[in-house]
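Student: Could you take me through a close look at one part of this model, the salt bridges and what surrounds them? I'd enjoy a connected tour.

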Amino acid sequence: MAAHLRRFCQNSTLFSRYSHSTRGLRTIAYKTYNPKSPRFYLYGTAVATSLYFGWKWVEKNAMVEAARPTRRVTDEQTLRGLKLNHRERRFIKFSSVEYQGQLYMTPQDFIESVTDSEPRPRLKRRVLTERDLERFMQETPLLSKGSPDMFRTIFDKGIISYTEYLFLLSILTKPQTGFRIAFNMFDTDGNERVDKEEFLVLEKIFSTARRDRLNRALEGAVKQTEGEDGEVEEVLEDELQKSHVVDTTLLLHFFGKKGKQDLKFEEFKMFMENLQTEVLEIEFNEFSKGLPAITELDFAKILLRYTYLQSDQYEMYLERLLDRIPEGRGITFTEFKSFCQFLNTLDDFAIAMRMYTLADQPISQEEFHRAVKICTGTELSPHIVDTVFKIFDDDGDGQLSYKEFIAIMRDRLHRGFKQQQIREGWEGFKACVKEEMRQDVQQPSLT
């Protein structure tokens, strides 16, 4: 209340006119003190009137402030209050634009979130305008113009919501046999076509689940922030799942500028294949440096880059490969892509291996080939299977411990989204140093 009174006095003509001059203060004191002066009554009346209405103004604003709950809007407090999961934290970390308080990723942000451990440096998020969105709409390609470099072509001239981010992540690990299942999730009326409203059903499902979790977090936050005087601090919802009416890049790409087009299965399948290919091309080109093939050592680094191995374990796999393949012939992108698509069927592969080996025995290359063919319907090149065995075969007897192989490949499949156990103190410091050393080792050489 005192703050409101000071603010009123600073705005008052009577006080502001003389507040910066000592002489002015003496003048007003003399003229208002002399009862014979006609200004005595004038200034007296003015001061009394000002104080009366000023007090009413302060009282009114104080009541408004008292009725308004205290608000905390810092990112750190929001993260703690809502207990965001790993994907939510990563989306907030990599999203570089916002519109009307809603956070969005650009297509380039999404690519970086699945290929890099940290976002590119930036000073702050870019606040988009309606003019920006209109430009994005004009530059979004039609579904018939989709390609394996669409995200790189759009770059930062598009937006992706959090729900779409989750949808795109699921595509990256989806086997081709699961494309039809994913499409049928949207095709609620079974007419082999998906319209815009059906596609937005998934967003409603995610939003409802998140709203329930938010309400539980808010209930806990209210209990923790209630003071002795009964005041409650309000924990605000973060910017992940606010309702918005803007058409995102995916909506424009799938359903056109007017939102009237239907999405067919073959078009949906092509989009999923293009996205998988684009992410794999980016990883491959990082190591190939424009050449048509990568080395077997680079292939091993790509497989192990998202795993949570200790640095000595990581180096052991690489040294083992170098000892067994002193001069490799290289691995082409086609071979690399086929192997990564096989990893999307890892759960089916694990079941097949358990059927082949009743006592969890190691498997041969022939059994490995057979299981891959059953799970994917395609065959891997003999060279890439031989390279995998040279990486993961412990004693060099030509047999692979499939349990160890599957555990490490699952880390690769998660692409850094697997929760790690948080270490503190000296153990946490050592783990951090080892991870930094390992990241240095994983970087492709420039020679």
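Tutor: Happily! In this predicted model, the side chains of Asp386 and Lys390 form a salt bridge, with N and O 2.9 Å apart. Both residues sit in helix α20, 4 residues apart, or about one turn of the helix. Asp386 is partly exposed, at 22% relative accessibility, and Lys390 is partly exposed too, at 21%.

Helix α20 (382-392) also supplies at least two residues to the largest nonpolar core. That core has 45 residues, and Phe392 is among those with the most contacts inside it. Leaving aside residues up to four places away in sequence, Phe392 touches Leu304, Tyr317, Arg320, Leu400, Glu404, Phe405, Ile408 and Met409. A separate core of 40 residues includes Leu103, Tyr165, Leu200 and Phe268.

Now compare a pair from other parts of the chain. Glu283 and Arg305 form a salt bridge whose closest N and O atoms are 3.9 Å apart. This pair links distant parts of the chain, 22 residues apart: Glu283 lies in helix α14, and Arg305 in the loop between α15 and α16. Glu283 counts as buried because its relative accessibility is 0%, and Arg305 is buried as well, at 15%.

Back in a helix, Arg135 and Asp132 meet in a salt bridge of 3.2 Å, N to O. They lie 3 residues apart in α8 (residues 130-139). Here Arg135 is partly exposed at 33%, whereas Asp132 is buried at 14%. In total, the structure holds 18 salt bridges.

Technical notes
Residues are numbered from 1 along each chain as its sequence is written. This is a predicted model: local features need pLDDT of at least 70, side-chain atom pairs count only at pLDDT 80 or more; totals for chains, interfaces and linings use all residues. Side-chain values use heavy atoms; hydrogens and water are left out. A nonpolar core is a set of buried Ala, Val, Leu, Ile, Met, Phe, Trp, Tyr and Cys residues joined through side-chain atoms within 4.5 Å. Buried means under 20% relative accessible area, exposed over 50%, partly exposed in between (1.4 Å probe, protein chains only). Contact means heavy atoms within 4.5 Å. A salt bridge is a side-chain nitrogen of Lys or Arg within 4 Å of a carboxyl oxygen of Asp or Glu.
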